[in-house]
Amino acid sequence: MSTSTFLSTGTTRRAALQWAGLALASTGLAGCGFRLRGSQAFAFQRIAIGPQPGGAVAQELRRSFGSAVQVLAANEPLTQAQLVLTVTNEAREKVVVGVNSSGQVRELQLRIRVLLQLRTAQGKGIIEGDEIVQQRDISYSESAALAKEAEEALLYRDMQSDIVQQILRRLAAIQAGQLD
């Protein structure tokens, strides 16, 4: 048997084993119920988001619906909406959680707190006073203060996006029967 025949047989066998392993893994994932998230389906077509213009979370939430749901403008009456979402108490906090022996700040915790209220246009409460909190830890160094400010802004933006995604998942879980 020549060396080239042995290599091609070994390579073919290795490729066949890799394909078999891939097929087995994909069958296992399909069997466990795994699937990619995909776009969300909502039981409503029109929503009003307040306050206008609101904080950064409310503004990003308005943009994130896309063409799936019509977000009412500020001058449109709330009676045209199927749901009225109020995003209040959007607070950004920065708390010192670690200092060194000379009392200088070494670690901070960044937080965003948002309070939600969701009602139908008729005033029926669906979500009452639900609070969403995101937090991230960040080290701090006075010698890299500008870089840490930029990192802080990125972390706040990331937390804001996480909160918007949580709100969208909660809205997607609403059933058509709850809108009556």
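**Pro-51 and the surrounding sheet**

Leaving aside residues up to four places away in sequence, Pro-51 touches Arg-62 and Val-87. The model is predicted. Pro-51 sits in the loop that joins strand 1 (46-50) to helix 2 (56-64). The points below cover this residue, the sheet and the helices that lie across the sheet.

**Pro-51**

- The relative accessible area of Pro-51 is 41%, so the residue counts as partly exposed, a class that lies between the buried limit of under 20% and the exposed limit of over 50%.
- Thr-86 is 35 residues from Pro-51 in sequence, while the C-alpha to C-alpha separation of Pro-51 and Thr-86 in space is 6.4 Å.

**Sheet**

- The sheet is open and has 5 strands, arranged in the order 2-1-3-4-5 with mixed pairing.
- Its edge strands, each paired on one side only, are strand 2 (70-71) and strand 5 (125-139).
- Strands of a sheet pair through backbone hydrogen bonds, in either a parallel or an antiparallel sense.
- For strand 1 and strand 2 the sense is parallel, and the pairing spans 2 bridges.
- Arg-46 has Gln-70 as its bridge partner in strand 2.

**Helices across the sheet**

- Helix 2 lies across strand 1, strand 2, strand 3 (83-99) and strand 4 (105-120), and runs at about 130° to strand 3.
- Helix 3, residues 145-172, lies across strand 1, strand 3, strand 4 and strand 5; the angle at which helix 3 runs to strand 5 is about 155°.

Conventions
Residues are numbered from 1 along each chain as its sequence is written. This is a predicted model: local features need pLDDT of at least 70, side-chain atom pairs count only at pLDDT 80 or more; totals for chains, interfaces and linings use all residues. Side-chain values use heavy atoms; hydrogens and water are left out. Helices (H or I, at least four residues) and strands (E, at least two) are DSSP runs, numbered from the N terminus. Buried means under 20% relative accessible area, exposed over 50%, partly exposed in between (1.4 Å probe, protein chains only). Contact means heavy atoms within 4.5 Å. Two strands pair if DSSP finds at least two bridges between them. Axes are lines fitted to C-alpha atoms, for helices over the stretch in contact, and angles run from 0 to 180 degrees between N-to-C directions.
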